[in-house]
Amino acid sequence: MTRRVPQLIAGAFQESASSDWLPVTDPATQKVLWEVPMATDAEMQQALASAAEAFLSWREVAVSERARVMLRYQHLLKQHHDELGELVSQETGKTFADAKGDVWRGIEVVEQAANVAAMMMGETVENVARGVDTHSWIQPLGVCVGITPFNFPAMIPLWMFPMAIACGNSFVLKPSEQDPMTAVRLAELFLEAGAPEGVLQVVHGGKTQVDTLLNHDTVRAVSFVGSVPVGQHVYRTATQNLKRAQCFAGAKNHMVIMPDANPQQVVNQLVGASVGAAGQRCMAISVAVFVGKAKDMIPALRDALAKVRPGAWNDEDAGYGPLISPQAKERVLALIAAGREEGAECLLDGSDCTVDGYPDGNWVGPTLFNNVTPSMRIYREEVFGPVLCCTSVDSLDEAITLVNNNPYGNGTSIFTASGAAARKYQHEVEVGQVGINVPIPVPLPFFSFTGWKGSFYGDLHAYGKQAVRFYTETKTVTSRWPDDDVVHEANMTISLK
Ligand code: NAD
């Protein structure tokens, strides 16, 4: 019988009583790996009630003990790094190296969460008036929830619950129904690290279960990562219900290539940044903007992309894996066809891609378009596949205008040998994460993940100091202790008259 993905409710891993189950398939073979439930309403209510109860005691646990749970968790995640990587590979089809990177970037956030005491320090001012002092405490909110996408099943849950829980909150995680087992394993290791019962709950489902979380009175804060339409729905519903929300959504990331950039570096970096992970990264480069003579690099780029071939997760020579589902593949193929119909020049077409031994995989080969214009669907829509669009402009100013006119603002990069060009770009571009000769500028967790514009709804971002502010309230205390009635005795003890 196919294994059923358990939920973590009230401290116990248990099989759902749901009658509604979806298959979770291996994207390279379509073999059913396991089945995931759509949690019943009773299970959702139980998870939320248990999280609310757990919060009351967890918030009282010393901050250093909360940090120690994170230290033990970080250690366990490292011990199980290969096993977690293999699980990510099975569910997503990512190559093993890529899957381990997914886990590693999550481990780095757990490391940062162990530093929570320093990040929860308040402020003090003595004598705000004569004999009156003010100080602030940073206190947890209560029950926080997280809704995560398929493309980073380890990293993105780990962006959320370790920081929220380290701050003293309890957390309900609803992972992607397309790869839910990774989250379950992360939760098992979290309990093994000493997290008390109820502090973390894992429920499964789709829209119905997400809407229950968004509409529940107990929930104080909502973290979401996923597509634009769902992100807008989650942000609107959560904030309409007067909850705090941070919603990370889709992207269209440009790399600007100046004529003085090192051609070999540009080609090498652009190949990995565009088709790596089958382009299923919110920070993937999907548009290359060549300034002036930089466009002479396009033939070499084409040749390098043509050498990349997808393959199974354990094929060490594979450049990347399959797309997550047949539906995702159909979407990408339709966008490639639209690119051709709308007049973009297709230099490399991966639509008819096969991989020996895996006839049923969701394969798409590296695809390269030139002369793409902003009105084309392949430019306007997030492709989320191994497709790179090239366009050429005459000046850096023109490149900046193009990037700034795009509604998204997740990540961008510039490749150049000129400090002045790089300085101008980083200053003027309206994108939240900028790389200079770095193609995918994902900040490490002592910073925050700072997408802008249509790529993010909210104000406080994921991980780093911003996450601590997102998952906490500031309480400001003003105090006055009149000493008129106090006798200061010679032996330094103080007693009332
Ligand atoms: P998705 O929006 O389909 O799903 C995300 C989550 O929302 C899942 O848990 C899913 O079950 C839930 N969901 C789906 N439909 C829903 C609905 N109608 N109502 C409520 N909840 C619903 O996203 P995906 O396909 O899993 O992930 C890919 C997307 O995520 C891409 O657009 C990518 O750019 C984006 N993403 C963004 C970032 C970022 O940091 N900006 C990071 C990773 C992924």
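1. In the contact between the helices α3 and α4, residues H81, D82, L84, G85, E86, V88 and S89 of α3 meet F96, A99, K100, D102, V103, W104 and I107 of α4, where contact means heavy atoms within 4.5 Å. Sorted by class, this contact of α3 with α4 holds seven nonpolar, three polar and four charged residues; here Ala, Val, Leu, Ile, Met, Phe, Trp, Tyr, Cys and Pro count as nonpolar, Asp, Glu, Lys and Arg as charged, and the others, Gly among them, as polar. The model is a predicted one, in which local features need pLDDT of at least 70 and side-chain atom pairs count only at pLDDT 80 or more, while totals for chains, interfaces and linings use all residues. Residues are numbered from 1 along each chain as its sequence is written, and side-chain values use heavy atoms, with hydrogens and water left out.

2. As for the geometry of this pair, α3 (residues 81-92) and α4 (residues 96-113) pack at an angle of about 120°, and their axes are 8 Å apart. Axes are lines fitted to C-alpha atoms, for helices over the stretch in contact, and the angles run from 0 to 180 degrees between N-to-C directions; helices (H or I, at least four residues) and strands (E, at least two) are DSSP runs, numbered from the N terminus. The two helices α3 and α4 are therefore oblique to each other, given that angles under 35 degrees count as roughly parallel, over 145 as roughly antiparallel, 65 to 115 as roughly perpendicular and the rest as oblique. The crossing of α3 and α4 is right-handed, a term used if the near helix is turned clockwise from the far one by less than a right angle, with anticlockwise giving left-handed.

3. A second pair is formed by α10 (residues 263-275) and α11 (residues 298-306), whose axes come within 10 Å and cross at roughly 50°. This makes α10 oblique to α11, and the crossing of the pair is right-handed. The contact is made by V267, L270, V271, S274 and V275 from α10 together with A300, L301, A304 and L305 from α11; by class, the contact of α10 with α11 comprises eight nonpolar residues, one polar residue and no charged residues.

4. A third pair joins α14 (residues 396-405) and α15 (residues 419-428), with axes that come within 11 Å and cross at roughly 25°. The helices α14 and α15 are therefore roughly parallel to each other, and α14 passes α15 in a right-handed crossing. On the side of α14 the contact involves L396, D397, I400, V403 and N404, and on the side of α15 it involves A421, K424, Y425 and E428. The contact of α14 with α15 divides into five nonpolar, one polar and three charged residues.

5. Turning to the interior, the largest nonpolar core has 63 residues, and those with the most contacts inside it are Y73, W159, F171, L200 and Y471. A nonpolar core is a set of buried Ala, Val, Leu, Ile, Met, Phe, Trp, Tyr and Cys residues joined through side-chain atoms within 4.5 Å, and buried means under 20% relative accessible area, exposed over 50%, and partly exposed in between (1.4 Å probe, protein chains only). Helix α6 (residues 155-166) gives the most to this core, with ten residues. Leaving aside residues up to four places away in sequence, Y471 touches a set of residues including P140, L141, M160, M163 and F171. A second, separate core of 62 residues includes I298, A328, V372 and V403.

6. Two buried residues deserve a separate look. C389 lies in strand β17 (residues 387-393) and is buried, with a relative accessible area of 1%; its C-alpha atom is separated by 6.0 Å from that of S286, although the two residues are 103 residues apart along the chain. Not counting residues up to four places away in sequence, C389 touches S286, V287, A288, F369, V372 and I378. A238, found in helix α9 (residues 228-240), counts as buried at 0% relative accessibility, and, with the same neighbours in sequence left out, A238 touches L214, V222, K243 and A245.

7. Two backbone angles may also be checked. A278, in the loop between α10 and β14 (285-291), has a phi near 55°, a positive value in a residue other than glycine, and A278 is buried, with a relative accessible area of 1%. N371, in the loop between β16 (367-370) and α13 (377-380), has a positive phi of about 55° although it is not a glycine, and at 46% relative accessibility N371 counts as partly exposed.
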